[in-house]
Amino acid sequence: MKYFIPFAKFLMIIIWALLITNLLFPFPGKAALAFYFLLAFVFVMHSIQLLVIYGAFAEKLQLSKKEGFAIFFFGVFKMWQLKDRLN
């Protein structure tokens, strides 16, 4: 478990890099359309996760802006790291 979260965060960095690269330099064919859809999906899902964290745990868990951005970019993997602070 010690290596899972850093590895998963590394994969999320690669995913975000591919999605943003597609915005700047669209991939050929229908791949660009698929990546636009995936970017929208990831953006919405991570936004929802961030809103849930702020809404459900606002009293127990005070997040800095840096942690908020980390939750947005890394999603559940950053939330998993923060679960110990909820106790």
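**View 1. Helix H1 and the face that its buried residues line.** At 1.5 Å a residue, the 21 residues of helix H1, which covers residues 4-24, should span 30 Å, and because its end C-alpha atoms are in fact 30 Å apart, expectation and model agree. This model is predicted, and every value in these legends was computed from it. Seen down the axis of H1, the buried residues fall within an arc of 140°, so they line one face of the helix. The residues in question are Ile5, Ala8, Lys9, Met12, Trp16, Leu19 and Asn22. What lies over them includes helix H2 (31-56), helix H3 (65-74) and helix H4 (76-82).

**View 2. The whole protein chain, for orientation.** The secondary structure of the protein chain comes to four helices and zero strands, and from the N terminus on the elements run α-α-α-α. Along its principal axes, the C-alpha trace spans about 50 × 30 × 15 Å. Of the 87 residues in the protein chain, 29% are buried. When contacts between residues at least 6 apart in sequence are considered, 50% of them join residues at least 24 apart. The accessible surface comes to about 6,400 Å², and 76% of that surface belongs to carbon and sulfur atoms.

**View 3. Phe10, a partly exposed residue of H1.** Phe10 lies in helix H1, and with a relative accessible area of 47% this residue is partly exposed. Phe10 can be set beside Ala34, which is 24 residues away in sequence, while the two are 22 Å apart in space, C-alpha to C-alpha.

**View 4. Helix H2 and its buried residues.** For the 26 residues of H2, a rise of 1.5 Å a residue gives an expected span of 38 Å, and the end C-alpha atoms are 37 Å apart, which agrees. The buried residues in H2 are Ala32, Leu39, Val42, His46, Leu50 and Ile53, and what covers them includes H1, H3 and H4.

**View 5. His46 and the residues in contact with it.** His46 has its place in helix H2, and with a relative accessible area of 8% this residue is buried, because buried means under 20%. Leaving aside the neighbours within four places in sequence, His46 is in contact with Met12, Trp16, Ile71, Phe72, Phe73, Phe74 and Gly75. Two of these partners, Met12 and Trp16, are among the buried residues of H1, whereas Ile71, Phe72 and Phe74 are among the buried residues of H3.

**View 6. A nonpolar patch on the surface, with Ile48 as one of its members.** Phe37, Leu38, Phe41, Phe43, Val44, Met45, Ile48 and Val52 form a nonpolar patch on the surface, and together they have about 740 Å² of accessible area. Ile48 lies in helix H2, and at 41% relative accessibility Ile48 counts as partly exposed, because that class covers values between 20% and 50%.

**View 7. Helix H3 and the glycine just after it.** The buried residues of H3 are Glu67, Gly68, Ala70, Ile71, Phe72 and Phe74, and they pack against H1, H2 and H4. Just after H3 comes Gly75, which takes a positive phi of about 65°. Gly75 is also one of the residues in contact with His46.

**View 8. Leu82 in helix H4 and its partners.** Leu82 is found in helix H4, and at 5% relative accessibility this residue counts as buried. When neighbours within four places in sequence are left aside, the residues in contact with Leu82 are Leu61, Leu63, Glu67 and Ile71. Among these partners, Glu67 and Ile71 belong to the buried residues of H3. The C-alpha atoms of Leu82 and Phe27, which are 55 residues apart along the chain, are separated by 36 Å.

**View 9. Lys83, in the segment that follows H4.** Lys83 lies in the segment after H4, and at 43% relative accessibility this residue counts as partly exposed. The C-alpha atoms of Lys83 and Leu61 are separated by 9.3 Å, although their positions lie 22 residues apart along the chain when counted from one to the other. Leu61 appears in the preceding view too, as one of the residues in contact with Leu82.

Key
Residues are numbered from 1 along each chain as its sequence is written. This is a predicted model: local features need pLDDT of at least 70, side-chain atom pairs count only at pLDDT 80 or more; totals for chains, interfaces and linings use all residues. Side-chain values use heavy atoms; hydrogens and water are left out. Helices (H or I, at least four residues) and strands (E, at least two) are DSSP runs, numbered from the N terminus. Buried means under 20% relative accessible area, exposed over 50%, partly exposed in between (1.4 Å probe, protein chains only). Contact means heavy atoms within 4.5 Å. Accessible areas come from the Shrake-Rupley method with a 1.4 Å probe; for residues, only the protein chains shown count as cover. The expected span of a helix is 1.5 Å times one less than its number of residues. The arc is that of the directions from the helix axis to the C-beta atoms. Patches are made of residues with over 30% relative accessible area and no salt bridge: like charges are joined within 9 Å, nonpolar side chains (Val, Leu, Ile, Met, Phe, Trp, Tyr) within 5 Å. A salt bridge is a side-chain nitrogen of Lys or Arg within 4 Å of a carboxyl oxygen of Asp or Glu.
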